[in-house]
Amino acid sequence: MTVETEVAVIGGGATGVGVARDLAMRGVDVALLERGTGLNAGTSGCSHGVLHSGARYAESDPEGAADCLRENRTLREIAPGCVVESGGLFVRLAGDDPDYFERKLDACREVGMEPTRLNPDELRERVPGAAGAVEEGFAVPDGVVSPARLVAATAASARDHGASIHTGSAVTDIDAGSDSERLAVHVDGGPTIVADSVVNAAGPWAGEVAAMAGADLGMRPTRGVMVAVDYSGLGPVLNRCREPADGDIVVPHGEQAVLGTTSVAVDDPDTFEREDWEVERTVTECAAMLPAVADATVERTYWGLRPLYEPDELDREGRGISRDFAVVAHDAAPGLVSVVGGKLTTYRRMAEAVADRVCGDLGVEEPCRTAEGPLPEAGTPERLDELAREFGAVGPADADVVGE
């Protein structure tokens, strides 16, 4: 059986559903294909769930940091029920480079973040369990975001605007460059989707999807562990103010704190090792900021994959310091557009960039409207949780908050 559409989107994470929503709101006929039994099954659902202020990237990528700050504010407006207003702190420990701290602080000011500098006593008022080695810090508008709620609400909006969403739809091949100038996407056990354009939003699997169409897309995915421990009442997201390294963030998450993370290159995103040393190092490093987590009960561990684009990552040792994204058109497969890199906080902006490119190719002149109004059920966490369960979008990042 053959089904025709204007655009097929491959990948049901935040970026994929964001692209489907954006295009559908512009009047484009869209079919989203996700190989898993539910949405949010890959990178988005295995993240640490930080709504970044941009401070993490301020000195290395000010433009990316400014994007983070704008999208941080936008998501608080359009998806308040997906966001916890935790705030964030960057802290310098004894032995950490004070010059790096000053550069980071100045860079945050330059992008308009208005950080608040704090002395040790002020820091401990906000985080009573902070280590004695904490010497100074500053507050930034970080938050915590629920990937399950965000992906489900975005998917619901896409569906409300006419997009069709198909889970359990693994793509096996893509015919590109035929005489018809359309692409045929073959789905395992399902129909062939014939489309004018195909968006590859498959995250760490984007290289494999591109190869199905005869295109090359250099990916350098890395894995990182998240360790959820029994620790309530943390308050703000706690960041170590140093060059990116293992175990430099602690995220409040309901009655738990999520500790992260490591960065280890993987060859195959479907079969990668999970090492005990990653858990041990993450706990040890995070305990340097918050000593009590060293002895806290480990409730669960999970590994996420970063969909890093190889041309951007070769000189960064896989840490993706800017964590920017790329929209790639493929000469070898006309009509195929891949989106790689990025972060959960900027998913809407990434989707806008992809939709602009695709609409330009299709001759669609409607502007992006995804920042103008709230997502469905945006202010009602309980209804958002129902949507997350409906779309099968509950992943490891939300397992303790959004029930199965």
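The following dialogue examines how terms are applied to features of a predicted model.

Student: Which conventions apply to this predicted model?

Tutor: Residues are numbered from 1 along each chain as its sequence is written. In this predicted model local features need pLDDT of at least 70 and side-chain atom pairs count only at pLDDT 80 or more, while totals for chains, interfaces and linings use all residues; side-chain values use heavy atoms, with hydrogens and water left out.

Student: What makes Arg92 and Glu135 a salt bridge?

Tutor: A salt bridge is a side-chain nitrogen of Lys or Arg within 4 Å of a carboxyl oxygen of Asp or Glu. The N to O distance between the side chains of Arg92 and Glu135 is 3.2 Å, so the pair meets the definition. By this rule the model has 27 salt bridges.

Student: Why is the pair said to tie together separate parts of the chain?

Tutor: Arg92 lies in strand S5 (residues 88-93) and Glu135 in strand S7, so the pair ties together parts that are 43 residues apart in sequence. Strands (E, at least two residues) and helices (H or I, at least four) are DSSP runs, numbered from the N terminus. Arg92 and Glu135 also belong to a network of salt bridges that includes Glu102, Arg117 and Glu136.

Student: Why is Arg92 called buried, and why is Glu135 called partly exposed?

Tutor: Buried means under 20% relative accessible area, exposed means over 50%, and partly exposed lies in between (1.4 Å probe, protein chains only). Arg92 has a relative accessible area of 10% and is therefore buried. Glu135 has a value of 37% and is therefore partly exposed.

Student: Which salt bridges involve helix H7?

Tutor: Glu285, in helix H7 (residues 276-287), is linked to Arg242, in the loop between strand S14 (237-240) and strand S15 (249-253), and the two are 43 residues apart. The closest N and O atoms of Glu285 and Arg242 are 3.2 Å apart. Glu285 is partly exposed because its relative accessibility is 25%, whereas Arg242, at 17%, counts as buried. Arg281 in helix H7 also ties to Asp246, in the loop between S14 and S15, and these parts are 35 residues apart in sequence. The closest N and O atoms of Arg281 and Asp246 are 3.0 Å apart. Arg281 is partly exposed at 41%, and Asp246 is buried at 12%.

Student: How do you know that Asp142 has no salt bridge?

Tutor: The nearest side chain of opposite charge to the buried Asp142 is that of Arg76, 6.8 Å away. Lys and Arg count as positive and Asp and Glu as negative, whereas His and the chain ends are not counted. Asp142 therefore has no salt bridge by the rule. Asp142 is placed in the loop between strand S7 (134-140) and strand S8 (143-145).

Student: What makes the pairing of Asp142 with Ser53 a polar contact?

Tutor: A polar contact is a pair of N or O atoms within 3.5 Å; within protein, one must be able to donate a hydrogen and the other to accept it, and residues adjacent in sequence count only if both atoms are side-chain atoms. The contact between the side chains of Asp142 and Ser53 is 2.8 Å, so the distance satisfies the definition.

Student: Why is a space in this model called a cavity, and how many are counted?

Tutor: On a 1 Å grid over the protein atoms alone, a cavity is a set of points where a 1.4 Å probe fits but cannot get out, and lining residues have an atom within 4 Å of a point. Grid points are joined across faces, edges and corners, and a volume is the space filled by probe spheres set on the points. The count is 3 cavities of 30 Å³ or more. The largest has a volume of about 60 Å³, and the second largest about 40 Å³.

Student: What classes of residue line the largest cavity?

Tutor: Ala, Val, Leu, Ile, Met, Phe, Trp, Tyr, Cys and Pro count as nonpolar, Asp, Glu, Lys and Arg as charged, and the others, Gly among them, as polar. The lining has 3 nonpolar, no polar and 6 charged residues. Among the lining residues are Phe90, Tyr100, Pro244 and Arg242.

Student: Why does Asn40 count as buried?

Tutor: Asn40 has a relative accessibility of 2% and therefore counts as buried. Its phi is near 65°, a positive value in a residue other than glycine. Asn40 lies in the loop between strand S2 (30-33) and strand S3 (50-51).

Note on methods: 1 Å grid on protein atoms, 1.4 Å probe; cavity = no way out; pocket = protein on both sides within 12 Å on 5 of 7 lines; lining within 4 Å.
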